[in-house]
Amino acid sequence: MNNDKRQFHIAICGLGGMGNWHRETISRTENLHLSGSFDIADARQTFAREHGLHAYNSYEELLADPEVDIVTIAVPNDLHRPLAIQALRAGKNVVCEKPVTVSSADLRQMIDVAEATGMHFTVHQNRRWDEDFLCAKKVVEDGTLGPVFRVESAVLGCRGIPGDWRQEPEHGGGMILDWGVHLLDQICQMFPGRKIRTVYATVDHVTNELVDDGFYTDLTLDDGTVAHVEVGTSHFIGKPRWKVFGRDGSAEIDWGCRGKIVCVTDRSKNDAVPIRTAAGLTKTMAPRTDDTIKELPLPEVHSDIRDFYRNVMDTIDGLAEPKIKLAEVARVMRLMETVRRSAEERRILPFED
Ligand code: NAD
């Protein structure tokens, strides 16, 4: 423990799957101490006690605890706004789970209250620390592939939407809000300073009529680069997590940073063994011969998710800028709304001038 630094106390509202993840992460982050948790489900209150955690009897009791500096909110999406506002007004700093809320109008209210109270308010966009993402971002930045013209980001499962509130629109269900928020945020981070000119999207309703259970979207950036983002829950054959295409090479990156880079070494040599099918032949699509390409390993990246909470504490103490800025969160919220509207209207929509 670094004793030179201020010690922070944190309480968790909602001790379900993700609340428990926060419990574990907080417990191994220096200078951060768990004051307790509150969950409306008795079973989760019992779970808290069984894990040595103080279970507050109500959210009001949690907010009234003067020891608590930060409240982490990990409840269904529709409850983020009221519970975050309540905590900010109680003088607590707030870490809100993603998606921050279910609409830009809701988010505006939350930001207004954060500004009025002067409390720190941020969102757990934890997948900015995913190593596959950091690796894909580094491949784009390193220039190994030459100018990048297309990035594909896919998360494809085959279990449908989990059978809880995620299936219900009134709780902010659906995959755009659930996974889209991560993947769109990653694309925004991958191309800093670049504008997204247009958005085109389609959504799936394979196993669920009420909310989208997957979507595809193409974002066209100001220089013509296309970012394709795809989420699915009925895909029994998946795709690699990332593909990056540049003029001089391509990269494939899967979960756990498995994958490779293939670059051209001699573009002038165009000998090709045609691909023949019973019905035809193509040299255009034939693979390059081994003497004109080289395979490279993916760049190494390292991340530590505890940096999220370290940054929250440093920001509260005025020692750092927030890593997750509310303007970025608001942009991704607008992007998700545009994805949904593009699918509804079945057309390409402008996004940023
Ligand atoms: P979950 O259903 O497992 O847990 C939600 C918990 O909130 C439940 O235990 C429920 O009883 C409790 N709850 C509901 N209303 C409450 C209230 N008014 N007060 C206190 N507790 C209440 O859901 P989850 O998967 O843990 O998702 C929770 C949030 O975390 C969602 O916003 C979700 O999008 C987010 N999440 C984020 C990630 C990530 O990687 N960042 C991953 C999973 C979930």
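Here is a chat between a visitor and a guide about the spaces, the ligand and the backbone of this predicted model.

Visitor: What should I know before we start?

Guide: This is a predicted model, where local features need pLDDT of at least 70, side-chain atom pairs count only at pLDDT 80 or more, and totals for chains, interfaces and linings use all residues. Residues are numbered from 1 along each chain as its sequence is written, and side-chain values use heavy atoms, with hydrogens and water left out.

Visitor: What makes a space a pocket or a cavity here?

Guide: On a 1 Å grid over the protein atoms alone, a cavity is a set of points where a 1.4 Å probe fits but cannot get out, while a pocket is an open set with protein on both sides within 12 Å along at least five of seven lines. Lining residues have an atom within 4 Å of a point. The largest pocket comes to about 990 Å³, a volume being the space filled by probe spheres set on the points, which are joined across faces, edges and corners.

Visitor: Which residues line the largest pocket?

Guide: There are 44 of them, and M18, K98, W165, R166 and D178 lie nearest its centre. They split into 22 nonpolar, 13 polar and 9 charged. Nonpolar means Ala, Val, Leu, Ile, Met, Phe, Trp, Tyr, Cys and Pro; charged means Asp, Glu, Lys and Arg; the others, Gly among them, are polar.

Visitor: How do you know that the ligand sits in the largest pocket?

Guide: A molecule sits in a pocket if more than half of its atoms lie within 2 Å of the pocket's grid points, and the ligand passes that test for the largest pocket.

Visitor: Why are some residues said to be around the ligand?

Guide: Because a residue is near a molecule if one of its heavy atoms lies within 4 Å of it. Here 24 residues are around the ligand, and M18, D39, N77, H80 and N126 come nearest. This shell holds 11 nonpolar, 8 polar and 5 charged residues.

Visitor: What makes N77 a polar contact of the ligand?

Guide: A polar contact is a pair of N or O atoms within 3.5 Å. A polar side-chain atom of N77 lies 2.6 Å from a ligand oxygen, so the pair qualifies. For E97, a side-chain N or O atom is 3.0 Å from a ligand nitrogen, and for K98 a backbone N or O atom is 2.8 Å from a ligand oxygen.

Visitor: What about the cavity count?

Guide: The count is 1 cavity of 30 Å³ or more. The largest cavity is lined by P99, V100, Q125, V181, V329, V332, M333 and M336, or 7 nonpolar, 1 polar and no charged.

Visitor: What makes the K98 and P99 bond stand out?

Guide: Most peptide bonds are trans. The bond joining K98 and P99 is cis, with omega about -20 degrees.

How values were computed: A polar contact is a pair of N or O atoms within 3.5 Å; within protein, one must be able to donate a hydrogen and the other to accept it, and residues adjacent in sequence count only if both atoms are side-chain atoms.
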